[in-house]
Amino acid sequence: MIQEPVIEVADLSVIRNQQVVLDSITFQVRKGDFFAIIGPNGAGKTTLIRAILGLVPCDTGEVLLFGSPARPDTRARIGYVPQTHVFDFSFPITVHEMVLTGRMGRKNGFIRRYTHEDHTAANYALSRISAESLGGRPVRELSGGERQRALIARALAGNPDILILDEPTVYVDTPTEEHFYELLSSLSKEITIVMITHDIGVVSRHVNRVACLNRRLYMHESDQVTPEMISRTYGCPVDIITHGDVPHRVLERHGDHS
Amino acid sequence: MIEALGFEFFRSALLAGLMASVICGIIGSYVYVKHMISVAGGISHAAFGGIGLGYLLGIDPLAGAFWFTLGIATLIWGLLERAKEHIDTLIGAFWAGGMAFGILCLSLTPGYTPDLFSYLFGNILLVAPEHLMMIALLAVGIVLLFCIFYPVLQALAFDPEYAAISNLPTRGLHLLVLILIAISVVVLIQVVGIILVIALLTLPAAIARPLSRSLKGMMVRATIISMILTTSGIFLSWIFDIPSGSTIILLGVAVYLMVLGGTGIVQGFKKDRQNTE
C-alpha cells in the first residue's frame, strides 16, 4: 500500500546571488519513509531542507507539508536536527534544558513557559534515544556522538511526525556512527525520517528510498541507486553505495572511466 | 572604613552598586552568550547623545539618555531587520554618531557643564538620591521581564534558527532584548560611566561562564560577582580617594585574568594527567 505523502516538493527552484542553487526539484516523502538525499558538498542539500522548513523563500514551485503550505502548526510537526557544527556548544545550557526548547514549537505567543508536561516529554525524548543519563550535563561536556543524540532528542521532544536530519554523522567516529544508524532505524518504525548526507558510503541498508541531489534531484521510486544516478550527481563514478537488501554493493571504481 | 557607612551618599552608592549588579548579572550574561557585546557597546556610547541633548534642553541628562537610548535601540532593531547592513558597520555608525551628536549638543549648550566627566567615567559616590528609586524600579522591571520571558529568551539565544522554526516571535523578542540593553545601559552609566559600561556588563558574565552549567546559574553567579566587585570597588575608591568607576573595572579585569589563568592551569593539569595515563 502506498502511504500518503507528508512532504511534497513541486518544481522548487531557489536562486541566490544569481546562482541557481536548486533547479526545479520535485519529489515526495511518504509517511513511514526512511528517505536519504545524497549529494556532494555544495549540492544545495541544506538549502533544500531550509526551503522545506520555510527558512528560505522559493523562487519557483512550492512545498507542501501534510498537504498544505507551511504553517506554524504544520511546521511544529517536523523535528529538525541541524548540523552540530553550527552550534555554540560552549553555551551554558544543560541537555535537559536544550531538549526542552524542542517543545517551543507546540506553544503560541510571546510567553512560552514550560509545563510539567513539557518536562515529561523532554525526559521521554531522552529515553527514546537511551540518553536519560545525559539530562543534567551541560552541553559543552558532551562528545560529538552525544551532541548529535541530544539534538535528536530535542527534535523528538516536540513529538514530530517527521524527523529531518542534516549531515548527522559528519563529526561522529565510525563505531558511534554504526550505533547511530541502529538508533535511526529503530526510530524509523515510528516516524518518517528524511536524512541528507554528502557521504554516500553511510547510506545504510535501513534507508528505503534514496534521491541524489546536485542542484537537480534524481529520484528513483524504489530503493535502487543506479550507477548513472551517482555519476550524474557526483560527476564521476563512485565506489560504493550501501542500501537496500544488499548491505554493500560495489559499483564501478574511480578511474575505470578515465 | 566603617565610618564611611555613616554617610548617606556612601550608603546610596553601595545600594546603587548592588542594584546595578543585578542588572549586570542578568543582562550582562545574556549579552555575553548572545554575542551582543558590540551592540551593547554601541548603545552605551550612543547614550552620550542623550546626555548632551539633556543638557541642551535643560532637562535631567539621565532622562535624556533614557529616551535617547530607547530610540537608538529601536532604530538599530529596525535597520537590522530591514537594511541587511552588516551589524558591525551599523553599530560603528551609532557608536560614533551618538557621541558626535552629544558633543555637538554640548557645544550649543550655554554655560559650563560641570558633571559631564562623571557621565563619561562614572562616579557612583555622586549618585543622586532621586535616581536611587529609578535604579530600583528599572532593576525590578528587568528581573521581572527576564523571569517571565526566560524560556523564550534562552531558546532564542541558544539557537536562533530553531527558534524561528518553532514560530517564536523572534522579531519582537529582538526588540525586547535591545530595549532591555538600552535601559540597563542608562542605569550602569551612573555606576561606571559611558566608556566603561561594556566592561561592567561583560566582565562578571565572563568570570561566571566557566563556573556555570546553565544560563540561570550564570546570571546568579554574575550578579554575585558583580556585587562583590562594585562593593569592594566603592570601598577602595573611598579609602584611597581614587575614581570609583575605574577601580571597579580594574578589579573586574584582575579577577577575570586570574580566572582565565586559573582555568588555563586546571586544563593544563587535566591534559597532563590524560597524557600520562
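Student: Why is the crossing in which helix 2 of chain B passes helix 4 of chain B called left-handed?

Tutor: The crossing of helix 2 of chain B over helix 4 of chain B is left-handed because the near helix is turned anticlockwise from the far one by less than a right angle, whereas a clockwise turn would be right-handed. This is a predicted model, in which local features need pLDDT of at least 70 and side-chain atom pairs count only at pLDDT 80 or more, while totals for chains, interfaces and linings use all residues. Residues are numbered from 1 along each chain as its sequence is written, and chains are lettered from A and ligands numbered from 1 in the order in which they are written.

Student: What makes helix 2 of chain B roughly parallel to helix 4 of chain B?

Tutor: Helix 2 (residues 37–57) and helix 4 (residues 87–108) of chain B pack at an angle of about 20 degrees, with their axes 7 Å apart; that angle makes the two helices of chain B roughly parallel (under 35 degrees counts as roughly parallel, over 145 as roughly antiparallel, 65 to 115 as roughly perpendicular and the rest as oblique). By class, the contact of helix 2 with helix 4 of chain B has 18 nonpolar, 9 polar and 1 charged residues.

Student: Why, then, is helix 9 of chain B called oblique to helix 10 of chain B?

Tutor: The axes of helix 9 (residues 197–208) and helix 10 (residues 215–240) of chain B come within 8 Å and cross at roughly 120 degrees, a value that makes helix 9 of chain B oblique to helix 10 of chain B. Helix 9 of chain B passes helix 10 of chain B in a right-handed crossing.

Student: Which residues of helix 9 of chain B meet helix 10 of chain B?

Tutor: From helix 9 of chain B, P204(B), A205(B), I207(B) and A208(B) meet M218(B), R221(B), A222(B), I225(B), S226(B) and L229(B) in helix 10 of chain B (contact is taken as C-beta atoms, placed from the backbone, within 7 Å). This contact between helix 9 and helix 10 of chain B comprises 8 nonpolar, 1 polar and 1 charged residues.

Student: How do you know that strand 6 and strand 10 of chain A are edge strands?

Tutor: Strand 6 (78–81) and strand 10 (216–219) of chain A each pair on one side only, in an open sheet of 6 strands with the order 6-7-8-3-9-10 and mixed pairing. The twist of that sheet averages 20 degrees from one strand to the next. Helix 5 (residues 144–157) of chain A packs on the sheet, touching strand 6 and strand 7 (162–166), and its direction makes about 165 degrees with that of strand 6 of chain A.

Student: How do you know that strand 4 and strand 5 of chain A pair?

Tutor: Strand 4 (residues 60–65) and strand 5 of chain A share 2 bridges in the antiparallel sense, so they count as paired, the requirement being at least two DSSP bridges. L64(A) stands opposite P69(A) in strand 5 of chain A. Strand 3 (residues 34–38) and strand 9 (residues 209–214) of chain A run parallel and are joined by 4 bridges, and the bridge partner of I38(A) in strand 9 of chain A is C212(A).

Student: What makes up the side of chain A that touches chain B?

Tutor: Its residues divide into 15 nonpolar, 3 polar and 4 charged, and 22 residues of chain A are in contact with 24 residues of chain B.

Terms used: Two residues are in contact if their C-beta atoms, placed from the backbone, lie within 7 Å. Ala, Val, Leu, Ile, Met, Phe, Trp, Tyr, Cys and Pro count as nonpolar, Asp, Glu, Lys and Arg as charged, and the others, Gly among them, as polar. Axes are lines fitted to C-alpha atoms, for helices over the stretch in contact, and angles run from 0 to 180 degrees between N-to-C directions.
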